[in-house]
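Here is a friendly walk through one protein chain, written for someone who likes to check geometry against coordinates. Please keep the viewer open as you read.

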Amino acid sequence: MVPEFIKGFSISAAIDKSHTGDEFGSLEVASDVEEEVPPPSPKPLSNSPQGRAGRHCHPQPNQPPPITLPKVDLDRVERGPAPRQGAPGDGEPEDGELGENDWDSGAGLEDGELRDMVTQTNKRKRSGNAQKMRNRRKKKRANPQPHPTQLRHLKQAEAAHSTNFASAEAPHTQPGFVGPTRRVGTLASDAGIPDLNIPLPPGDGITHPLVEHLQVNHGFSLRSAPPTERTAAFESADKKKIFLIRTRPSNSSWKAVALERVKALFSALNLPDSASHHRRGDFFAACYGFSHGNGRKASNCFMTDERARAWQAFLADSVIHGMMLYISTIFSIWSPKLCEMYRSCHAALRSWNPDLRCPSPSLPFSTITVNFGPKTVCRWHRDVFNLVFGWCVIWALGNYDSRYGGHLILWEPRLIIEFAPGDIIFLPSACITHANIPIREGEHRYSVTWYTSGQLFRYQALHLAPSSNEKPTEGSEATDPAEEGKRSRWMEGLDCFMSLDELRQHHTGDGAL
């Protein structure tokens with residue numbers, strides 16, 4: 001049955017075969033009464049206003065969907081296909097070979113073959129980059145340029161502070177490896193060392209009264225540490241060589257984090273009460289690393305496995321490791337000859353016994369000692385088992401007023417050096433008698449030290465030096481390398497230190513900064 005609303009009309013539906021490719025014909029629906037159907041009106045042109053209006057206002061439902069074309073990288077089209085290393089050249093490929101168009105698609109290659117081809121290409125690239133780096137290093141060795149870090153530290157110390165220290169007359173043993181083992185006060189050079197425990201009237205409250213007492217009665221000079229001073233160098237009176245350095249890192253946040261790491265190490269070690277009483281003072285201390293002497297060969301410091309793991313976790317901390325890298329840099333800048341001596345001895349010992357535990361591979365010191373305090377105030381002493389002309393590194397930590405106390409007192413140079421938390425001092429502690437100014441009640445002071453035993457250098461000279469492996473010829477007598485050079489070793493050790501002008505010449509080549 002035909003619906004009422006279409007009676008009397010003739011509907012013709014056709015789909016353009018240009019759209020679909022098929023022709024369906026027409027469908028006519030007529031009523032009982034035939035009526036003349038008017039001819040269809042012509043369609044308006046597509047560009048006419050009527051056509052545009054009709055196209056936009058009355059869209060045809062049977063229009064085809066718009067065609068979306070893929071995006072084309074015009075730059076790639078202009079460049080053309082990327083060249084392949086090892087790709088075949090012009091000509092027809094032989095049987096089993098890949099055609100020129102097959103290289104981009106990877107046709108004819110198994111997964112393993114394609115992976116091997118990529119691996120060989122990467123190897124050639126890495127080999128080329130390695131050769132470039134070698135050539136660059138050769139140019140640097142031919143024309144050495146100072147590192148910006150070296151220039152910055154040398155510029156910060158515009159002039160070295162003069163002292164009364166006569167380095168050639170410092171106490172030392174005849175072989176020139178360690179300091180004199182007699183107690184402080186028994187040598188002629190120790191005459192007149194003041195007692196640090198004498199009662200003194202209260203001072204102005206800004207500085208400990210002992211500082212003024214040493215200045216007035218014993219001829220000491222005070223060297224303060226301004227906040228803007230990053231590095232201070234001190235030179236000897238006779239040779240004008242820099243024998244002592246005080247420096248501080250630019251990142252002041254390290255000292256707060258490092259103090260927490262030191263406290264955590266103290267809790268993990270669980271030290272006995274006997275570790276708080278020794279010749280340097282009455283405070284807890286523990287060491288890690290390897291040493292030599294007192295009837296033993298070069299060996300590790302004795303400790304339980306639990307304490308060894310606590311030490312290793314402490315040394316692996318990013319802040320502690322970063323500080324050791326900073327110390328290694330300062331060492332190589334301010335005493336490159338001495339640093340090279342330490343590194344060669346350290347490398348020889350580690351090669352001889354790889355099981356030796358060292359604080360850090362980047363730092364050429366064999367032992368680290370942490371003074372846990374909580375009040376690390378040393379009495380007069382010399383670290384006589386260290387290399388007598390070598391450096392001992394002291395890093396101060398804590399929450400004390402450095403203007404009042406905690407100063408480092410040096411007897412032979414007659415120096416009082418302000419030692420603020422976070423500061424680092426490089427000191428020949430085996431031949432210079434040193435101590436600390438007391439701090440206020442309720443304050444805490446800690447310190448971390450790095451050093452190498454002088455007996456390790458003696459063992460390296462006797463047993464690990466290249467000349468010690470040579471057998472004496474007939475008619476010649478075997479000589480002891482340590483005894484043969486004992487007359488000059490002390491002076492050669494002092495010659496490892498350099499003046500500020502020599503350091504500038506060493507690092508820049510012309511002495512100009």
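The report below starts with the whole chain, then turns to helices, backbone details and buried residues.

**The chain as a whole**

The model is predicted. Its secondary structure comes to 15 helices and 13 strands. Of the 513 residues in the chain, 40% are buried. Among contacts between residues at least 6 apart in sequence, 75% join residues at least 24 apart.

**Helix α8 and the residue after it**

Helix α8 covers residues 254–269, and its 16 residues should span 22 Å at 1.5 Å a residue; the end C-alpha atoms are 22 Å apart, so the expected and modelled spans agree. Its buried residues are Ala258, Leu259, Val262, Leu265 and Leu269. Because these cover an arc of only 120° around the axis, they sit on the same side of α8. A general rule is useful here: an α-helix has 3.6 residues a turn, so residues three or four places apart point the same way.

What follows α8 in the chain? Asn270 does, and its phi is positive, near 55°. This residue belongs to the loop between α8 and β5 (284–293). With a relative accessibility of 62%, above the 50% cut-off, Asn270 counts as exposed.

**Helix α9 and its partner α10**

Helix α9 has 12 residues, which at 1.5 Å a residue should span 16 Å; the end C-alpha atoms are 16 Å apart, so this helix agrees with expectation. Ala308, Ala310, Trp311, Phe314 and Leu315 are the buried residues of α9. They lie on the same side of α9, because their arc around the axis is only 160°. On the other side of the helix, Asp305, Glu306, Arg309, Ala313 and Ala316 are exposed.

How do α9 and α10 pack? Helix α9 (residues 305–316) and helix α10 (residues 318–334) make an angle of about 65°, with their axes 5 Å apart. Angles from 65 to 115 degrees count as roughly perpendicular, so α9 is roughly perpendicular to α10. In this contact, Phe314, Leu315 and Ala316 of α9 meet Ser318, Ile320, His321 and Met324 of α10. Sorted by class, the contact has 5 nonpolar, 2 polar and no charged residues. Phe314 and Leu315 are also among the buried residues of α9, whereas Ala316 is exposed.

**Backbone details to check**

Most residues other than glycine have a negative phi, and most peptide bonds are trans. Against that background, three places in the chain deserve a look.

| Site | Backbone value | Place |
|---|---|---|
| Asn270 | phi about 55° | loop between α8 and β5 (284–293) |
| Gly373 to Pro374 | omega near 10°, cis | Pro374 in the loop between β7 (367–373) and β8 (392–398) |
| Arg414 | phi near 55° | loop between β9 (408–410) and β10 (415–417) |

Neither value of phi belongs to a glycine: Asn270 has its positive phi although it is not one, and Arg414 is likewise a residue other than glycine. Arg414 counts as partly exposed because its relative accessible area is 25%.

**Buried residues and their neighbours**

Which residues does a buried glycine in a loop touch? Gly179 lies in the loop between β1 (161–162) and α7 (209–218), and at 0% relative accessibility it counts as buried. Leaving aside neighbours within four places in sequence, Gly179 is in contact with Thr173, Val384, Asn386, Val388 and Ala430. From Gly179 to Ala430 the separation is 251 residues in sequence, yet their C-alpha atoms are 5.3 Å apart.

Trp450 is found in strand β13 (residues 445–451) and is buried, with a relative accessible area of 0%. Beyond four places in sequence, its contacts include Met324, Ile327, Phe365, Trp391, Val393 and Trp395. Met324 also takes part in the contact of α10 with α9.

Val393 is found in strand β8, and it too counts as buried, at 0% relative accessibility. Outside the four places on either side in sequence, Val393 touches Ile327, Phe365, Ile424, Ile425, Phe426, Val448, Thr449 and Trp450. Val393 and Phe365 are 28 residues apart in sequence, with 9.4 Å between their C-alpha atoms. Ile327 and Phe365 are both among the contacts of Trp450 as well.

Methods:
Residues are numbered from 1 along each chain as its sequence is written. This is a predicted model: local features need pLDDT of at least 70, side-chain atom pairs count only at pLDDT 80 or more; totals for chains, interfaces and linings use all residues. Side-chain values use heavy atoms; hydrogens and water are left out. Axes are lines fitted to C-alpha atoms, for helices over the stretch in contact, and angles run from 0 to 180 degrees between N-to-C directions. Helices (H or I, at least four residues) and strands (E, at least two) are DSSP runs, numbered from the N terminus. Angles under 35 degrees count as roughly parallel, over 145 as roughly antiparallel, 65 to 115 as roughly perpendicular and the rest as oblique. Contact means heavy atoms within 4.5 Å. Ala, Val, Leu, Ile, Met, Phe, Trp, Tyr, Cys and Pro count as nonpolar, Asp, Glu, Lys and Arg as charged, and the others, Gly among them, as polar. The expected span of a helix is 1.5 Å times one less than its number of residues. Buried means under 20% relative accessible area, exposed over 50%, partly exposed in between (1.4 Å probe, protein chains only). The arc is that of the directions from the helix axis to the C-beta atoms.
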